[in-house]
Protein chains: 2
Amino acid sequence: MIANSSTTIRFLLASRQCELNSLRYLLQGGELVGKISQLVHMLQRERGTSNMFLCSTRGQFADELILREQEVAQAQAPLMAQLDMLERQIAALPQASRLFSHVASVVYALSLLPALRQQIRQRTLRLPQAMSFFNDIIRHLLSLVFELSDTAAEPAISRHLIAMFSFMQGKEYAGQERATGAAAFAAGTFSEETQQKLLSLIERQERCFATFADFADDEHRLRWQQMAADSQFERLRRIACTGRELYEADSCLRWFALATQRIDAMKTLEDALAQTLMAHCQARIAATEQANNEQLADIESLMPAHENEESSYSVFSDAHGWLESGGVRPQLGRSLLVLVQQQSRRLQALDTELAALRETLNERKQIERAKSMLMQHRQISEEEAYKTLRRMAMNQNKKLIEIASAMLAVADVFQSNP
Amino acid sequence: MIANSSTTIRFLLASRQCELNSLRYLLQGGELVGKISQLVHMLQRERGTSNMFLCSTRGQFADELILREQEVAQAQAPLMAQLDMLERQIAALPQASRLFSHVASVVYALSLLPALRQQIRQRTLRLPQAMSFFNDIIRHLLSLVFELSDTAAEPAISRHLIAMFSFMQGKEYAGQERATGAAAFAAGTFSEETQQKLLSLIERQERCFATFADFADDEHRLRWQQMAADSQFERLRRIACTGRELYEADSCLRWFALATQRIDAMKTLEDALAQTLMAHCQARIAATEQANNEQLADIESLMPAHENEESSYSVFSDAHGWLESGGVRPQLGRSLLVLVQQQSRRLQALDTELAALRETLNERKQIERAKSMLMQHRQISEEEAYKTLRRMAMNQNKKLIEIASAMLAVADVFQSNP
């Protein structure tokens with residue numbers, strides 16, 4: 001292989017082809033996110049119903065539990081099929097070791113579901129443990145979505161994935177709020193601890209939805225603003241968080257119904273986000289394909305019919321303005337230079353934009369890591385780990401991210417002493 | 001596909017396999033760097049000889065030029081073959097669009113060499129232009145090395161690549177110093193501008209070698225420190241940069257010989273760095289392969305012979321301490337959890353380390369981008385672009401990186417107005 005216009009073009013097209021390939025994987029990632037969204041939704045419902053079942057003393061909700069289990073199975077099957085497909089493409093995904101590691105965590109967590117369900121039905125598991133188990137599974141599923149946002153190589157799609165991930169995370173806190181509130185309404189008592197927990201879940205929801213609003217497009221942001229105001233639910237929230245008013249007899253069911261209505265509405269928006277994500281990916285693929293074809297046509301119209309016979313002297317002699325021997329087809333050299341520079345500049349601009357996005361993600365990533373380090377080290381739940389970090393931050397008048405990076409900086413000490 | 005221990009293991013192994021695949025690509029990248037190092041060295045020699053030829057008035061160095069051209073061809077062939085091989089693996093490299101874009105720039109620049117040589121021999125090109133042409137080709141080759149350091153997914157290897165890239169960049173400034181000095185000694189006059197240029201090249205070399213020393217292992221850092229002191233060459237440098245002493249008749253040849261000796265010694269160290277890089281990659285591949293095999297053996301010893309018949313209830317029931325139904329083979333569940341967590345923690349630690357490295361690289365990347373923006377926009381050389389950025393930084397009492405990011409922030413204005 002020699003260095004001439006043909007080989008330059010070959011590598012230019014290779015660069016384009018890689019972009020196209022990575023967009024196609026992104027499309028698969030988008031499909032994965034849609035399927036995760038569906039499974040998470042069903043797990044949230046099963047968690048809610050399981051909580052109601054564990055709270056009830058007269059064996060209510062047993063039938064609903066079976067229904068929820070079936071819904072989860074229905075949502076899990078297409079996700080597993082998609083993961084299976086992904087694994088078959090492993091040779092084409094050398095950068096995916098973290099992705100598959102997350103998948104292993106997800107699959108492991110899902111494999112524990114049957115045992116969990118058995119113990120819930122036998123009532124051999126207490127409610128907080130059952131709930132924390134469901135939370136764990138969903139947390140692993142959401143980590144997978146975050147990993148996909150983190151590795152997306154297209155800024156517009158990465159932004160949309162961040163919006164979607166934040167929304168899913170917010171919805172999950174709404175789900176935890178529903179479950180926590182339902183249990184407390186059912187028990188007819190709101191302890192100080194429960195109230196703190198609810199307030200924290202509301203606050204975390206709001207943060208997630210704020211991030212969502214930062215990254216979402218106008219259409220979805222507007223739709224969210226319109227649906228976010230729900231005075232009926234806010235009234236019940238106030239009752240739950242202050243405990244000052246008398247509980248009405250049917251509060252538990254009303255809370256669950258209203259919270260479910262709210263979460264289902266979120267799911268509708270989430271579905272719209274998933275569809276937009278796919279449409280984004282498909283549009284980018286189509287645009288890249290078209291640009292590639294146009295470029296190919298441009299190149300063909302420039303290429304001399306007998307390029308191999310021609311010496312590269314003449315072809316390139318005018319490529320730099322100051323190489324002035326006056327070649328046969330100077331426009332090819334100049335056009336090639338323009339194409340090479342365009343591609344390089346375009347990729348650099350994408351990279352700069354991605355680097356800025358990654359900085360945004362990095363903060364969350366560090367907090368997540370510090371949290372899971374604490375969870376593993378002290379065998380506590382995600383929520384307790386978050387509360388610990390926040391307390392440390394407040395006591396030292398520091399930001400959460402500062403505490404998290406400090407913790408990561410001394411990670412070795414933590415991990416060598418389990 | 002259902003979520004059980006087998007599928008968990010399957011994705012765990014997939015994660016490991018991806019790591020192995022990405023290390024194998026890194027090994028190919030290492031080979032590429034070795035070949036680039038060789039080609040750059042030969043281009044530096046051809047640049048030096050071309051300068052001597054253009055300076056000489058009695059047609060000296062014409063034979064050497066032919067020799068140099070042959071050396072470049074010999075170094076170029078294996079590089080092109082390696083690039084060819086890389087392009088054939090395009091389906092397995094979805095993240096490589098930037099890499100191939102850099103390759104296209106390199107190949108384009110190399111394709112201009114024949115025309116350049118013709119004009120040098122015909123003396124239709126002035127020396128600064130010829131030199132700037134060679135500088136450009138080498139700059140593109142070094143960008144390719146930088147891109148490989150930037151995308152290496154293994155921190156230890158990434159660090160070594162950064163050390164090596166910095167060394168190669170330092171050596172390139174040494175090469176430019178040789179060429180600039182040779183031309184001035186040959187002309188018998190050191191203008192203020194030439195002296196400034198030499199001082200700037202010395203300063204930039206020292207910065208590069210400082211970065212090299214930061215990232216290199218002890219052995220290579222020590223070797224560099226031992227060879228860096230060369231009083232003979234320093235004496236000639238002083239003459240060149242101050243111009244206070246009389247020039248001796250053979251100064252030009254002595255300068256060229258001493259500078260060449262120095263650069264050839266650098267090349268020896270660079271070769272050692274390239275070999276260490278390959279050894280690093282191979283050792284990491286072997287270690288990962290061994291770890292994979294050991295993990296596989298562990299898993300096999302844990303797996304029940306009739307796993308498919310067994311329900312996942314029993315297998316996983318004790319996986320979380322609090323799921324206490326007491327399964328048949330609780331140790332598999334627990335061991336699997338440990339394996340899944342280990343892999344996830346290990347990858348997270350790698351990612352945190354890589355993020356820190358990327359921050360280091362990011363600064364250089366932004367400065368490079370601002371520079372090439374200036375070069376394209378104002379049609380100036382790399383050196384002039386660097387000087388412009390530095391002058392702006394000094395005038396505003398700011399850091400180079402601050403000016404560079406300010407420039408990138410307003411890039412659109414620059415690029416829409418060429």
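**Two chains and the surface they share**

Chain B and chain A bury about 7,100 Å² between them, 64% of it on carbon and sulfur atoms. Buried area here is the accessible area, taken with a 1.4 Å probe, that two parts lose on being put together, summed over both. That's a familiar yardstick: the size of an interface is often given as the accessible area lost when the parts come together.

Some housekeeping before going on. This is a predicted model, where local features need pLDDT of at least 70 and side-chain atom pairs count only at pLDDT 80 or more, while totals for chains, interfaces and linings use all residues. Residues are numbered from 1 along each chain as its sequence is written, chains are lettered from A and ligands numbered from 1 in the order in which they are written, and side-chain values use heavy atoms, with hydrogens and water left out.

So how do the two copies relate? Chain B lands on chain A after a rotation of 180° with 0.0 Å of shift along the axis, at an RMSD of 0.0 Å; the superposition is a least-squares fit on the C-alpha atoms of residues with pLDDT of at least 70 in both. That is the relation of a two-fold axis. In chain B, the C-alpha nearest this axis belongs to B:Ala92, 2.0 Å from it. Both copies use the same surface, with 100% of the contact residues of chain B recurring in chain A. Each side brings 78 residues to the contact, contact meaning heavy atoms within 4.5 Å.

What holds charges together across the interface? The rule finds ten salt bridges between chain B and chain A, a salt bridge being a side-chain nitrogen of Lys or Arg within 4 Å of a carboxyl oxygen of Asp or Glu. One of them pairs B:Asp84 with A:Arg10, with the closest N and O atoms 2.6 Å apart. On the chain B side that touches chain A, H12(B) gives the largest share, 16 residues; helices are DSSP runs of H or I, at least four residues, and strands are runs of E, at least two, numbered from the N terminus.

Within chain A, A:Glu147 and A:Arg98 also meet in a salt bridge, at 3.2 Å from N to O. A:Glu147 sits in helix H5 (residues 127-151) and A:Arg98 in helix H3 (residues 97-111), so the pair ties together parts that are 49 residues apart in sequence. Over all chains, the structure holds 62 salt bridges.

Last, the records. An unreviewed UniProt entry puts a "coiled-coil region" at residues 340-370 of chain A; that span is 100% helix and 0% strand, its end C-alpha atoms 43 Å apart.

Conventions
UniProt positions are given in the numbering used here, feature names are shortened, and annotations may be inferred rather than shown by experiment.
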